[in-house]
Amino acid sequence: MLLGPAIDLLLEPFAYQYMARAIWVSALVGAVCAFLSCYLILKGWALMGDALAHSVVPGVALAYLLGFPYAIGAFTSGIIAALGIAFVRRLTMLREDAVIGLVFTTLFAIGLLIVSINPTSVNVQSIVLGNILAISDDDVTQVIVIAAISLAILGLKWKDLLLAFFDESHARSVGLNPWLLRVLFFVLLSACTVAALQTVGAVLVIAMVVTPGATAHLLTDRFGMMIGLAMLIGAATSALGAYLSFFLDGATGGLIVVLQTLVFLAAFVFAPKYGRLAARRSARRSAEVIR
Amino acid sequence: MMRDRPTPSIEVNDITVSYSNGVAAVRNATFELGPSTICALVGINGSGKSTLFKTIMGFLTPSAGSVRIAGLPVKAALRQGLVAYVPQSEEVDWNFPVLVEDVVMMGRYGHMNVLRIPAKADRAAVDQALDRVGMSEYRTRQIGELSGGQKKRVFLARALAQGSEIVLLDEPFTGVDVKTESAIIDLLRAMRDEGRLMFVSTHNLGSVPDFCDQVVLFNRTVLAYGPTATTFTEANLAQAFGGLLRHVRLSGPDLHDDADQRRVTVLTDDERPLVLYGERDQEKHVNPDRSETP
């Protein structure tokens with residue numbers, strides 16, 4: 001029988017505790033990031049997400065250097081980035097993208113500098129590219145806490161967030177505070193960026209908080225369904241990416257993001273209403289009607 | 001349904017609203033509106049109409065003076081869901097994956113629990129509102145797929161579902177065809193007859209005498225306000241718009257071969273024109289033919 005060894009081979013990653021853990025932690029992070037991605041892409045805040053991801057690097061580096069939980073460091077520098085962007089924007093006539101680009105690259109550079117001066121404290125690669133396979137117990141706890149709290153808040157507030165982002169004036173007229181909801185969203189985004197840092201690294205976090213939402217948006221016109229699909233895509237691709245990295249001996253982050261892109265491409269071509277094939281079909285149909 | 005709600009009113013008492021750079025967008029504005037009213041807010045672009053709306057909606061806080069809605073401070077009135085807002089088309093992102101019925105359901109959020117799970121009453125209110133604006137058959141369309149007029153009707157349905165006694169409409173006729181304009185006006189009239197207060201920002205001069213019983217003429221401050229018949233006059237409009245209106249007058253001798261001194265005056269800023277007819281200073285609003293094609 002050839003089947004036996006094949007199955008053994010496929011199950012082999014689960015025999016290692018670190019692999020099993022990497023797979024489900026990745027899935028959890030993928031799901032939360034995907035939830036947030038639905039709002040991010042609708043509001044056109046993708047660049048903001050990228051900025052946050054890069055800006056947390058100096059915080060993480062300092063946290064490792066001084067020996068306090070990296071989530072706190074990352075979170076602090078994320079907030080500093082957001083405030084810095086708001087501050088420079090207010091005081092100059094520069095456009096928002098220029099300000100964001102300026103602030104986040106500065107913070108990222110400071111982070112790289114700190115890491116390079118203290119090479120023993122932390123591996124640059126594990127921040128920039130992530131290293132889920134070597135995640136420590138403490139870090140796993142942090143990721144779980146962040147993900148659980150974020151999911152709970154999003155589960156409670158997803159409709160309020162949608163309303164505040166869709167039509168701010170109306171949100172006010174039903175007694176919501178759009179400003180507070182926006183702050184809440186960016187706090188959650190920073191927190192989840194920190195969680196995703198371990199999985200895919202600072203450079204690729206942007207894909208985790210953009211691609212699943214973008215894919216789901218091509219597939220549905222209902223926001224609740226969009227969130228569900230995005231989370232499914234995020235969790236499945238992250239788990240599969242971690243699993244495959246065992247065989248391919250490749251970077252987990254790279255694999256996860258490539259898988260997400262493949263799903264996106266499939267939706268781009270085959271989506272029932274907004275896919276290219278559907279667009280062709282309806283173009284042909286209207287051409288026939290004219291004829 | 002909920003008829004034990006406070007009587008709708010808007011009291012704007014000597015407000016001044018300034019931008020962060022200190023320039024006053026609205027200065028010493030005062031007016032008062034009561035129930036069963038459709039009031040037009042008329043002024044040129046940049047006259048501070050939007051600022052006034054934002055102040056009534058509590059987005060901006062006046063640096064002097066006060067706004068009271070149904071006798072309450074703005075924040076308290078908003079908490080009670082007394083004010084609904086129909087936004088300008090540009091304020092809404094039409095790409096959002098929300099269906100027509102989702103938009104109308106948003107009107108019910110103030111009535112729902114913290115998880116916003118709709119109850120039977122909420123669904124019924126949405127059905128009823130959609131039915132009333134004639135959009136029931138479009139309920140599962142994505143909101144961006146509708147025409148300009150249909151979108152407006154959906155947002156009016158949301159205001160109906162919200163059950164608010166006061167409705168603010170920002171330029172409701174922009175990008176709307178003539179037929180839909182009449183449909184919207186009919187709906188506004190019906191809502192007025194139910195006791196609501198509708199405050200409509202518009203620069204569509206011609207339709208104002210058609211459906212508004214009150215007018216506020218605005219340019220940084222209130223230039224004039226009161227019943228349409230006595231306030232919406234050529235002299236007041238000239239003051240509100242400066243030289244920005246097209247002005248066509250056919251005087252008695254051009255119109256008649258007799259001593260009849262009545263004359264026709266047409267005022268327009270390229271939307272529907274305002275037409276006045278009668279002897280000097282006794283001119284009345286004329287309702288021009290509303291059909292679209294000859």
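Salt bridges number 21 over all chains of this structure. The model is a predicted one. Three of the pairs are described here, and the cysteines follow.

**Salt bridges**

| Pair | Closest N to O distance |
|---|---|
| R21(A) and D137(A) | 2.4 Å |
| D127(B) and R139(B) | 2.9 Å |
| R263(B) and E283(B) | 2.8 Å |

Start with chain A. The side chains of R21(A) and D137(A) meet in a salt bridge. R21(A) sits in helix α2, residues 17-43, and D137(A) in helix α7, residues 137-166, so the bridge ties together parts of chain A that are 116 residues apart in sequence. The two partners differ in setting. R21(A) is buried, at 17% relative accessibility. D137(A) is exposed, with a relative accessible area of 53%.

Now chain B. D127(B) pairs with R139(B), with the closest N and O atoms 2.9 Å apart. D127(B) belongs to helix α4, residues 120-132, while R139(B) lies in the loop between α4 and α5 (148-162). The two residues are 12 apart in the chain. D127(B) is partly exposed, at 36% relative accessibility. R139(B) is partly exposed too, with a relative accessible area of 24%.

Another bridge in chain B joins R263(B) to E283(B). R263(B) is in strand β12, residues 263-268. E283(B) is in the loop between β13 (274-278) and β14 (284-286). The pair links distant parts of the chain, 20 residues apart. Both R263(B) and E283(B) are buried.

Some bridges share partners. Through them, R222(A), E101(B), D102(B), D127(B) and R139(B) form one network. Its members come from chain A and chain B.

**Cysteines**

How many disulfides are there over all chains? The count is 0. A disulfide is a covalent bond between the sulfur atoms of two cysteines. Two cysteines illustrate the count.

Why is C38(A) without a bond to the closest cysteine sulfur? That sulfur belongs to C33(A) and is 12 Å away, which is too far for a bond. The cut-off for a disulfide is 2.5 Å between the sulfur atoms. C38(A) is buried, with a relative accessible area of 0%.

C212(B) is in no disulfide either. The nearest cysteine sulfur, that of C39(B), is 7.1 Å away. C212(B) also counts as buried, at 5% relative accessibility.

Methods. Residues are numbered from 1 along each chain as its sequence is written. Chains are lettered from A and ligands numbered from 1 in the order in which they are written. This is a predicted model: local features need pLDDT of at least 70, side-chain atom pairs count only at pLDDT 80 or more; totals for chains, interfaces and linings use all residues. Side-chain values use heavy atoms; hydrogens and water are left out. Buried means under 20% relative accessible area, exposed over 50%, partly exposed in between (1.4 Å probe, protein chains only). A salt bridge is a side-chain nitrogen of Lys or Arg within 4 Å of a carboxyl oxygen of Asp or Glu. Helices (H or I, at least four residues) and strands (E, at least two) are DSSP runs, numbered from the N terminus.
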